[in-house]
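Me: I'm new to this one and keep tripping over the words people use for it. Could you take me through them?

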Amino acid sequence: MYVDHAATTPISAPALAALTRELSRSGNPSSLHGSGRRARRSVEEARETIAAAAGAHASEVVFTSGGTEADNLAVKGLFWARRAADPSRTRILCSSVEHHAVQDTVEWLERHEGAEVVWLPVDTTGLVSLEALRAALAEAPDRTALVTVMWANNEVGTVQPVREITAEAARYGVPVHSDAVQAFGSLPLSFAGSGLATMAVSAHKIGGPVGVGALFVGRAVTLTPVQHGGGQERDIRSGTLDGAGIAAFAAAAGDAVAHLGDEAPRLAALRDRLVAGIRREVPEAVLRGVPHPAPEGARLPGNVHFTFPGCEGDSLLFLLDLAGIESSTGSACTAGVPRPSHVLLAMGLTEDEARGAQRFSLGHTSTVDDVDAVVGAIGAAYARARKAGMAGHASTIQTAGTGFS
Amino acid sequence: MRVLAAMSGGVDSAVAAARAVEAGHDVVGVHLALSRMPGTLRTGSRGCCTIEDSRDAWRACDILGIPYYVWDFSERFKEDVVDDFVAEYAAGRTPNPCMRCNERIKFAALLEKALALGFDAVCTGHYAKVIEDADGNPELHRAADWAKDQSYVLGVLTHEQLKHSMFPLAETPSKAEVRAEAERRGLSVANKPDSHDICFIPDGDTRGWLEERIDMTEGDILDVDGGKIGSHPGANAFTVGQRRGLRLGTPAADGKPRFVLEIRPKQNEVVVGPEHLLAIDEMRGIKVSWAGVPIDDVRTGVEFDCTAQVRAHGDPVAARARVEEDGGVQQLVVRLIEPMRGVAPGQTVVLYQGTRVLGQATIDSARSALRPEPAVARG
């Protein structure tokens, strides 16, 4: 039972068809002969499909290798371009619950490029404080390079008030970037109506292949490129375009958005069934993010996130995995070591509370049976994980007790 | 049995896990994340818990067809092993961090979590043997290959810990055999270099590492008669038996090299002298533990024949040992038949009878028959 769709979701049938079709054809979209023109046509059709799916103009779509690259390009590109225009613009206002693709990029700019970072606090549900944003903007609007706040959080599913955020920043002419990797395909969204300067999306979160994504870049927005080369994609992002991946991305995006009206309520109903079921089986478990029942659009329709008191998330993950249920602790590092999530800590949880995190994320292949399987397994898994408890912190095994201290 | 294979990313633990799988056990591989800074690559035979080690362990599990997880014990490791290592040095003693890790991390924190999660045993790539006596109690023995034998660093394990320990490399005739087996099994770690140094000191410079963590104040180097013959940058970074790095300008009267005989952390003094004064005849151990059920002589307080070993790959020497009880607390008195060199407080003495590990104690004080005063005393 796969309940980790926020990590990646199985490729959709239209995307797989587009991918295999385009992979069997040759041609560099930048070439000027027949094969090149054919490949270019496929890319441009995809660009139009993706633009339409996100309420953007086709010329605003810059293809990238995925969400991480799109976030890097947006944050670094905006920072460098704004600072080049006015060297005093070095402030970055950043939410404290960003995905690492944004957070680590911002921290890198702080360490290496002299950026001054203001971390915007969130409330206990993970919602960014508009008041703090207003205050931070008013404090030094002329020195502010950009604001970056994700559209929806990948761990706890909280949807941010993007329109209000861009309205605040617009009063001072400060551009806003948003990581919409989790929101795109799950929520109705419009780049044109959002007021954003840039917006990052990824194919494999919505049924497309891994390795392709896009940054929406408003037509009036200037970005300094991160990656140099042949000048593809408006000279903003060089590199030969992945025609097959892009075609598949477009097929997935078109499919996801076409079915959004039915799929979002279907997933929200499954989500609510899962929340109720887990609460019934493990009354101690605490739902994180927007409280249940979440108002429509306040929480990602496929996101369920609990903390389980007295146990470690990785024990729970291990036991659920043994029971055939694939979930996530919600955060991971390169060596695969779960750490207390910065998102949960920003929401005011203690490290011990945050250690017991488990995220269940639903997607297009999820069914009632998946939800019921999780509910059926969670009680026993929790009981055992709790027994394993904080074994990493305090041992009861009789040891030799060496050492003087 | 349900077996948790602790996978370091090295060849020994990979082959041990393979043998556990082949023996029909239900095996899951777990790599322990022990460092807070795992983002480093390995250089040569040093370092551990790197991305590379984690990946090597992962690939070994892939080849064995067993699930793989990384568990974070970095906090426990820091408190129980790294901080303890620093504190012991700061107190003028010489701890063995690998032993501490076995005692408190691999066969305590990890074992406990494993048992709670439904496992029956923890399997590692240590070269040592656990056998059962007639009553089903575990006994710890040396590995078949004495050159690789690691029973010393497992000497701290108690009855309860041994009951749940599995060492599939026990009977392996040599390390070469393990490498050949890894090669046969298609394990990519077959030719990975052995690790030798302390895993949390990546460049192997223990002294430099300690100097960054322990307050060093310049102090005196004394000869055995108490006369000042030089100065040192801080007594804490020295080890009994050490010869290099004393930086004494003038040679000894007899022209022979001088060795650290004693460290006095309170006075910040280092006592040096000729090599023969390093020879120890008797030592007293505290924090005594028994590897399984103690032999009868332990209970009755009768002095018994044994061999004593004070470092991982040191030669065991013939000894007679007895247990003294003081207010219910055991102390171990070990008389060495042949004197032994380089014994420092804080080191562990492990006692054997034949191949069997009897138990261990932490050396509190040691005496040389050639020096009127205790050669080394607890500081």
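Reply: Sure. One definition to begin with: two residues are in contact if their C-beta atoms, placed from the backbone, lie within 7 Å. Keep in mind, too, that this is a predicted model.

Me: Which residues of H1(A) and H8(A) meet, then?

Reply: On the H1(A) side there are Pro14(A), Ala15(A), Ala17(A), Ala18(A), Leu19(A), Glu22(A) and Leu23(A). They meet Gly243(A), Ala244(A), Ala247(A), Ala248(A), Ala251(A), Ala252(A) and Asp255(A) in H8(A). Sorted by class, the residues of this contact are eleven nonpolar, one polar and two charged.

Me: Why are H1(A) and H8(A) called roughly antiparallel?

Reply: Look at the angle: helix H1 (residues 13-23) and helix H8 (residues 243-258) of chain A pack at about 160°, with their axes 8 Å apart. Angles over 145 degrees count as roughly antiparallel, and therefore H1(A) and H8(A) get that label. As for handedness, H1(A) passes H8(A) in a right-handed crossing.

Me: What makes H2(A) roughly parallel to H8(A)?

Reply: The axes of helix H2 (residues 34-53) of chain A and H8(A) cross at roughly 30° and come within 8 Å. The cut-off for roughly parallel is under 35 degrees, so H2(A) counts as roughly parallel to H8(A). This time the crossing is left-handed, with H2(A) passing H8(A). H2(A) brings residues including Val43(A), Ala46(A) and Ile50(A) to the contact, and H8(A) brings Ile246(A), Phe249(A) and Val257(A), among others. By class, the contact of H2(A) with H8(A) has eleven nonpolar, four polar and no charged residues.

Me: On to the sheets. Why are E1 and E3 of chain A called edge strands?

Reply: Seven strands of chain A form an open sheet in the order E1-E7-E6-E5-E4-E2-E3, with mixed pairing. Strand E1 (61-64) and strand E3 (116-120) each pair on one side only, and that makes them the edges. From one strand to the next, the twist averages 20°.

Me: How do you know that E4(A) and E5(A) pair?

Reply: Pairing takes at least two bridges. Strand E4 (residues 144-148) and strand E5 (residues 176-179) of chain A are joined by two bridges and run parallel, so they pass. One partnership to look for is Thr148(A) with His177(A) in E5(A).

Me: Which helices lie across strands of chain A?

Reply: Helix H5 (residues 130-139) lies across E2, E3 and E4 of chain A, at about 160° to E3(A). Helix H6 (residues 162-170) lies across E4 and E5 of chain A, at about 160° to E5(A).

Me: What about chain B: why is strand E10(B) called largely enclosed?

Reply: A residue is buried if 20 or more other C-beta atoms lie within 10 Å of its own. Six of the seven residues of E10(B) (residues 258-264) are buried, so the strand is largely enclosed by the rest of the structure.

Me: What joins E10(B) to E11(B)?

Reply: Six bridges do, and strand E11 (residues 269-274) of chain B runs antiparallel to E10(B). Arg258(B) has Pro274(B) as its bridge partner, while Glu262(B) has Val271(B). The hairpin has four residues between the strands, and Asn268(B) takes a positive phi near 55° there.

Me: And where does E10(B) sit in its sheet?

Reply: The order in this open, mixed sheet of four strands is E9-E8-E11-E10. E10(B) is one of the edge strands, pairing on one side only.

Technical notes: Residues numbered from 1 in each chain as written. Chains lettered and ligands numbered in written order. Predicted model: local features only at pLDDT ≥ 70, side-chain atom pairs only at ≥ 80, totals over all residues. Buried ≥ 20, exposed ≤ 12 C-beta atoms within 10 Å, placed from the backbone. Axes fitted to C-alpha atoms, helices over the stretch in contact; angles between N-to-C directions. Parallel < 35°, antiparallel > 145°, perpendicular 65-115°, else oblique. Left-handed = near helix turned anticlockwise from the far one by under 90°. Nonpolar A, V, L, I, M, F, W, Y, C, P; charged D, E, K, R; others polar.
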